[in-house]
Amino acid sequence: MRTISVTASVAALAAALLLTSCDDAGDAKNTRDKADTAAGAGCAAELAVRFGPANAAPAAGDTGNVPVTVTNRGDAPCTVEGLPGMELVAGDTTAAVPAAEAASDGKATFAKGASLAFTLTYVRGEEGAETSLAARTATVRLPGAEKTHSFKWAYGDIALKSNGSTPDASVTGFQQSTD
């Protein structure tokens with residue numbers, strides 16, 4: 001088996017990223033991606049994010065799951081290090097979703113055109129209760145990315161943990177996607 005030095009791997013990745021960041025299309029999406037690349041986000045700017053469809057919790061106390069699929073739209077493999085971040089937004093309140101206990105914050109490599117996914121698992125809260133967060137938006141931040149991806153939350157209120165401010169929810173690390 002042939003081994004490649006870390007220096008050679010980093011140089012090859014940097015060259016590939018330099019080539020993939022050159023895009024003259026000029027639409028708003030590409031402009032944002034260029035800004036991420038310029039800000040040091042690396043290949044994370046080439047990753048597209050799709051939220052859902054969900055296995056929604058039907059009633060208060062039930063558990064629901066929302067998959068988040070991340071696809072490499074770049075021309076080269078993309079490796080990110082760390083866990084995806086997620087926040088739930090309800091009006092002026094923003095609550096960070098903690099990582100699942102078993103989540104691994106290692107490296108995830110997205111082959112060219114391939115998808116990986118992570119899952120938001122949540123407990124549905126009682127609508128309008130003080131022990132619930134009436135989220136209207138879910139915001140996703142990929143490791144190494146400067147920009148966030150926001151999605152409409154349409155799965156009901158989320159229960160809060162006993163501290164009254166942390167959502168009774170968690171986010172997994174990246175896993176193989178069926179897409």
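Biologist: What makes up the area that the chain exposes?

Modeller: This is a predicted model, and in it the chain exposes about 9,900 Å². Carbon and sulfur atoms supply 51% of that area. As for what is tucked away, buried residues make up 40% of the 179 residues in the chain.

Biologist: Why is A102 called exposed?

Modeller: Its relative accessible area is 77%. The label "exposed" needs over 50%, so A102 earns it. You'll find A102 in the loop between β5 (93-97) and β6 (107-110). Here's a neat extra: A102 and T172 are 70 residues apart along the chain, yet 7.5 Å separates their C-alpha atoms.

Biologist: What makes C43 and C78 a disulfide?

Modeller: Look at the sulfurs: S to S is 2.0 Å. The cut-off is within 2.5 Å, so the pair counts as a disulfide. By this rule the chain comes to 1 disulfide. C43 sits in the loop between α2 (28-38) and β1, while C78 is in strand β3 (residues 78-81), so the link ties together parts that are 35 residues apart in sequence. With 75° about the S-S bond, the link is right-handed. Are these two cysteines buried or exposed? C43 is buried, and C78 is too.

Biologist: How do you know which face of strand β1 is buried?

Modeller: Follow the side chains along residues 47-51 and watch them alternate. L47, V49 and F51 point to one face and are buried. A48 and R50 point to the other face, and those two are not buried. Buried means under 20% relative accessible area, so L47, V49 and F51 each fall below that mark.

Biologist: Why are β1 and β2 said to pair?

Modeller: Pairing takes at least two bridges, and 5 bridges join β1 to β2 (residues 63-72), so they qualify. The two strands run antiparallel. One of the matches is A48, whose bridge partner in β2 is T71.

Biologist: What makes β5 and β10 edge strands?

Modeller: Start with the order in this open sheet of 4 strands: β5-β4-β9-β10, with antiparallel pairing. β5 and β10 (149-152) each pair on one side only, and that is what puts them at the edge. Neighbouring strands here are turned by 25° against each other on average, direction ignored. In general, strands of a sheet pair through backbone hydrogen bonds.

Biologist: How do you know that β9 pairs with β4 and with β10?

Modeller: Check the bridges again, remembering that at least two are needed. There are 5 from β4 (residues 85-90) to β9 (residues 137-141), and 4 from β9 to β10, so both pairs pass. G85 has R141 as its bridge partner in β9, and T137 has K152 as its partner in β10. β10 also has a covered face, H149 and F151, and an uncovered one, S150 and K152.

Biologist: Which residues touch the most other members of the largest nonpolar core?

Modeller: That core has 36 residues, and F51, M86, F110, F118, L142, W153 and F174 touch the most other members. Strand β7 (residues 115-123) gives the most to this core, with 4 residues. Nonpolar side chains tend to be buried together in soluble globular proteins.

Biologist: What makes M86 and W153 contacts of F51?

Modeller: Contact means heavy atoms within 4.5 Å, so each of them has heavy atoms within that distance of F51. Beyond its neighbours within four places in sequence, F51 is in contact with several residues, including V66, V68, A138 and Y155.

Terms used
Residues are numbered from 1 along each chain as its sequence is written. This is a predicted model: local features need pLDDT of at least 70, side-chain atom pairs count only at pLDDT 80 or more; totals for chains, interfaces and linings use all residues. Side-chain values use heavy atoms; hydrogens and water are left out. Buried means under 20% relative accessible area, exposed over 50%, partly exposed in between (1.4 Å probe, protein chains only). Axes are lines fitted to C-alpha atoms, for helices over the stretch in contact, and angles run from 0 to 180 degrees between N-to-C directions. Accessible areas come from the Shrake-Rupley method with a 1.4 Å probe; for residues, only the protein chains shown count as cover. A nonpolar core is a set of buried Ala, Val, Leu, Ile, Met, Phe, Trp, Tyr and Cys residues joined through side-chain atoms within 4.5 Å.
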